[in-house]
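Here is a set of short exercises to work through with the model open beside you. Try each task before you read its solution.

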Amino acid sequence: MKPDIFQAIADPTRRAILTLIAIQALTPNVMAEKFDMTRQAVSKHIKVLQECDLIRPEPSGREIYYHFNAKKMQEFDHWLDQFRKNWETQFNQLDELLSTLKKQKK
Amino acid sequence: MNKDLLFDFNVDKAAKTVKITREFDAPQALVWDAFTQAALLDQWNAPAPMRAKTKYMDFKVGGRRFYAMIGPDGAAAGWVVQEYTAITPITHFKMYNTFADQEENRQLPGSEWDHTFSEQNGRTTVRIAIYNESLARLEKMIELGFQEALTMTLTTLEEILKLIEK
């Protein structure tokens with residue numbers, strides 16, 4: 001199954017990788033150095049992040065640089081914003097219902 | 001609506017939890033009823049233009065509420081099963097929320113919803129924590145409301161256009 005963004009960013013190392021490459025595109029070797037991890041461990045994280053479109057590879061000569069896909073992150077924030085609005089609408093409906101119920105009790 | 005009623009919504013991405021706090025200008029027992037009685041839930045528990053229609057509700061530990069999300073066209077856009085896992089009258093209840101088909105077959109995994117109620121100076125504060133193992137489910141939850149809202153907007157637009165034509 002394809003990992004989703006929630007699973008991808010629930011991991012502290014992956015969040016750190018994202019924070020770092022949001023500032024500057026990095027190669028897997030540099031990531032491994034910065035986080036003091038094996039190349040293998042870095043590859044695993046890259047795979048998860050790439051599969052949910054949070055990062056994208058761009059070859060440059062013999063190296064591959066990973067870039068942060070801000071658009072995907074915005075999409076995620078947009079969903080959450082929508083979710084928040086759903087609740088706002090429901091709670092406003094509940095306010096009205098409660099005010100009606102209060103009047104009935106009087 | 002009451003502008004001074006607290007509404008706080010935040011997402012703890014690391015804990016995969018959405019935390020919602022909302023204040024209501026009503027006593028705790030009344031707010032508790034609005035969250036735990038089918039006839040009242042159906043009056044507010046879906047974002048307009050959607051509405052909720054409860055098929056049955058058995059509010060006790062191990063009991064369930066099975067309801068449909070009805071779209072503006074009157075057709076069910078989705079079904080939800082909520083299973084109650086803990087209840088302390090008027091202060092706290094927990095449930096396990098899952099999407100389902102019309103036959104009540106649950107689509108696991110779902111999410112855990114925790115509700116806490118407290119009253120101060122005649123106002124009731126409700127705290128809701130929603131833990132989702134996967135975002136895919138959250139996405140679906142949002143899309144359900146979102147698509148219907150979009151359809152509604154387009155329908156309204158059509159009606160306005162018709163009026164202009166006349």
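**Exercise 1. Find which residue of β8(B) is the bridge partner of His115(B), then describe how the strands around it pair.**

Step 1. Look across from His115(B): its bridge partner in β8(B) is Ile128(B). Helices (H or I, at least four residues) and strands (E, at least two) are DSSP runs, numbered from the N terminus.

Step 2. Now take the two strands as a whole. Strand β7 of chain B covers residues 106-120, and its pairing with β8(B) is antiparallel, with ten bridges. Two strands count as paired if DSSP finds at least two bridges between them.

Step 3. Follow the chain from one strand to the next. β7(B) and β8(B) make a hairpin with two residues in between, and Asn121(B) in the turn has a positive phi of about 50°.

Step 4. Turn to the other pairing of β8(B), which spans residues 123-132: eight bridges join it to β2(B) (residues 17-24), again antiparallel. There you can spot Thr17(B) opposite Tyr131(B).

A word on reading the model: it is a predicted one, in which local features need pLDDT of at least 70 and side-chain atom pairs count only at pLDDT 80 or more, while totals for chains, interfaces and linings use all residues. Residues are numbered from 1 along each chain as its sequence is written, and chains are lettered from A and ligands numbered from 1 in the order in which they are written.

**Exercise 2. Is Gly110(B) buried or exposed?**

Step 1. Locate the residue: Gly110(B) belongs to strand β7 of chain B.

Step 2. Recall the cut-offs. A residue is buried if 20 or more other C-beta atoms lie within 10 Å of its own, exposed if 12 or fewer, and partly exposed in between, with C-beta atoms placed from the backbone.

Step 3. Apply them: Gly110(B) has 22 other C-beta atoms within 10 Å, so Gly110(B) is buried.

Step 4. Try a distance as well. Gln82(B) is 28 residues away from Gly110(B) along the chain, and their C-alpha atoms are 9.4 Å apart.

**Exercise 3. How many residues of β1(B) are buried, and how does this strand pair?**

Step 1. Count over residues 7-12: of the six residues in β1(B), zero are buried, and the strand is hardly covered.

Step 2. Look for its pairing with β2(B), which is antiparallel and has six bridges. One pair to find is Val11(B) with Val18(B).

Step 3. Check the turn. Four residues separate β1(B) from β2(B) in this hairpin, and Lys16(B) in the turn has a positive phi of about 55°.

Step 4. Place these strands in the whole chain: chain B has three helices and eight strands, in the order β-β-α-α-β-β-β-β-β-β-α from the N terminus. Of its 166 residues, 28% are buried.

**Exercise 4. Which residues of α4(A) are buried, and where do they sit around the helix?**

Step 1. Start with the length. α4(A) holds 13 residues (39-51) and reaches 18 Å from first to last C-alpha, close to the expected 18 Å; the expected span is 1.5 Å times one less than the number of residues.

Step 2. List the buried residues of α4(A): Val42(A), His45(A) and Leu49(A). They lie on the same side of α4(A), because they cover an arc of only 65° around the axis; the arc is that of the directions from the helix axis to the C-beta atoms.

Step 3. View the face turned away from that side, which carries the exposed residues Gln40(A) and Lys47(A).

Step 4. Step past the helix to Asp53(A), which has a positive phi, near 65°.

**Exercise 5. What is the mean pLDDT of each chain, and where does the confidence drop?**

Step 1. pLDDT is the predictor's confidence in each residue, from 0 to 100. Chain A has a mean of 85, with 95% of its residues at 70 or more.

Step 2. Within chain A, confidence is lowest in helix α1 (residues 5-10), at a mean of 74, and highest in α4(A), at 92.

Step 3. Chain B averages 82, and 78% of its residues score at least 70.

Step 4. Over residues 146-158 of chain B, pLDDT stays under 50. Where pLDDT is low, the predicted coordinates should not be read in detail.

Terms used. Two residues are in contact if their C-beta atoms, placed from the backbone, lie within 7 Å.
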